[in-house]
Amino acid sequence: MKVTQLNAIKREKAGKGASRAKRREGFVPAVIYGDKKEPLMIALEEKVLVAEMGKKGLWTRQYEITVDGASHLVLCQDIQKHPVSLRPVHADFLRISKDSELTIDVPLRFENEATCPGIKLGGVLNIVHRTLTVKCKADSIPDAFVIDLATAQMGQSITAFSIEMPAGVKLTATEDFTVATIVAGQSSTDEAAQG
């Protein structure tokens, strides 16, 4: 799995005033915590964090954040945004190791909607869940689970247990559940009612 490199600076002071000062300098205050070590207060360049937020897989991508020459392997856990401007105001990173076993939400990605037989007949893709919660080691985190709709028919349900898990990745759910269905759209329902 590819690890994204980021550089950060250490924050000496906590508190709202110090955080505001960092934001004025173009940085976003953040914290690295976990792995039974002391939390580390850092700041990342806002433009770098915003660029990462714009990429797919933000929550499943591993980052190596370098602070004062020391590297920390982390996952992004949370980004707080300003309620009006939606700019990032704080970020939380969870420190991990290659051997860490994690419980993580992995996004579902649907492909071939344009060629899906059920959708071509007027059906609509109804997504019930956008992520699946899995357990795996840090170096086995999938970027996403890809669901191919190339043969999905009208009325078909796609369930969690039907999604193939890569080696070392285990679904946390003990009972199967529907993640998406191809349901009759408004036009096909109208035709059935008129017919």
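The paragraphs below describe the largest pocket, the salt bridges and one buried acidic residue of a predicted model.

The account begins with the pocket. Rolling a probe the size of a water molecule over the atoms shows where empty space is left. In this model, the largest pocket encloses a volume of about 220 Å³. Its lining consists of 12 residues, and those nearest the centre are Lys56, Gly57, Thr60, Arg61 and Asp143. Sorted by class, the lining comprises five charged, four nonpolar and three polar residues. Strand E7, which spans residues 101-111, supplies the largest share of this lining, namely three residues.

Arg61 leads from the pocket to the charged pairs. Side chains of opposite charge can pair when their charged atoms come close. Across the whole structure, a search finds six salt bridges. One of the residues nearest the pocket centre, Arg61, is paired with Glu52, with 2.9 Å between the closest N and O atoms. Arg61 and Glu52 are both buried.

Two further salt bridges involve partly exposed residues. Within the residue range of strand E7 (residues 101-111), the side chains of Arg109 and Glu111 form a salt bridge with an N to O distance of 3.9 Å. Arg109 counts as partly exposed because its relative accessibility is 33%. Glu111 also has a relative accessible area of 33%, and is therefore partly exposed. Beyond such individual pairs, salt bridges with shared partners connect Glu52, Lys55 and Arg61 in one network. Another pair is made by Lys37 and Asp35, whose closest N and O atoms lie 3.7 Å apart. Here Asp35 has a relative accessibility of 35%, so this residue counts as partly exposed.

Asp92 presents a case without such a partner. This residue belongs to strand E6, which covers residues 88-95. Asp92 is buried but takes part in no salt bridge. Why is there no salt bridge for Asp92? The nearest side chain of opposite charge, that of Arg11, is 7.6 Å away, whereas a salt bridge requires a side-chain nitrogen of Lys or Arg within 4 Å of a carboxyl oxygen, so the criterion is not met. The surroundings of Asp92 are nevertheless defined by several contacts: leaving aside residues up to four places away in sequence, Asp92 touches Val31, Tyr33, Leu75, Cys76, Gln77, Asp78 and Gln80.

Notes:
Residues are numbered from 1 along each chain as its sequence is written. This is a predicted model: local features need pLDDT of at least 70, side-chain atom pairs count only at pLDDT 80 or more; totals for chains, interfaces and linings use all residues. Side-chain values use heavy atoms; hydrogens and water are left out. Helices (H or I, at least four residues) and strands (E, at least two) are DSSP runs, numbered from the N terminus. Buried means under 20% relative accessible area, exposed over 50%, partly exposed in between (1.4 Å probe, protein chains only). Lys and Arg count as positive and Asp and Glu as negative; His and the chain ends are not counted. Contact means heavy atoms within 4.5 Å. On a 1 Å grid over the protein atoms alone, a cavity is a set of points where a 1.4 Å probe fits but cannot get out, and a pocket is an open set with protein on both sides within 12 Å along at least five of seven lines; lining residues have an atom within 4 Å of a point. Grid points are joined across faces, edges and corners, and a volume is the space filled by probe spheres set on the points. Ala, Val, Leu, Ile, Met, Phe, Trp, Tyr, Cys and Pro count as nonpolar, Asp, Glu, Lys and Arg as charged, and the others, Gly among them, as polar.
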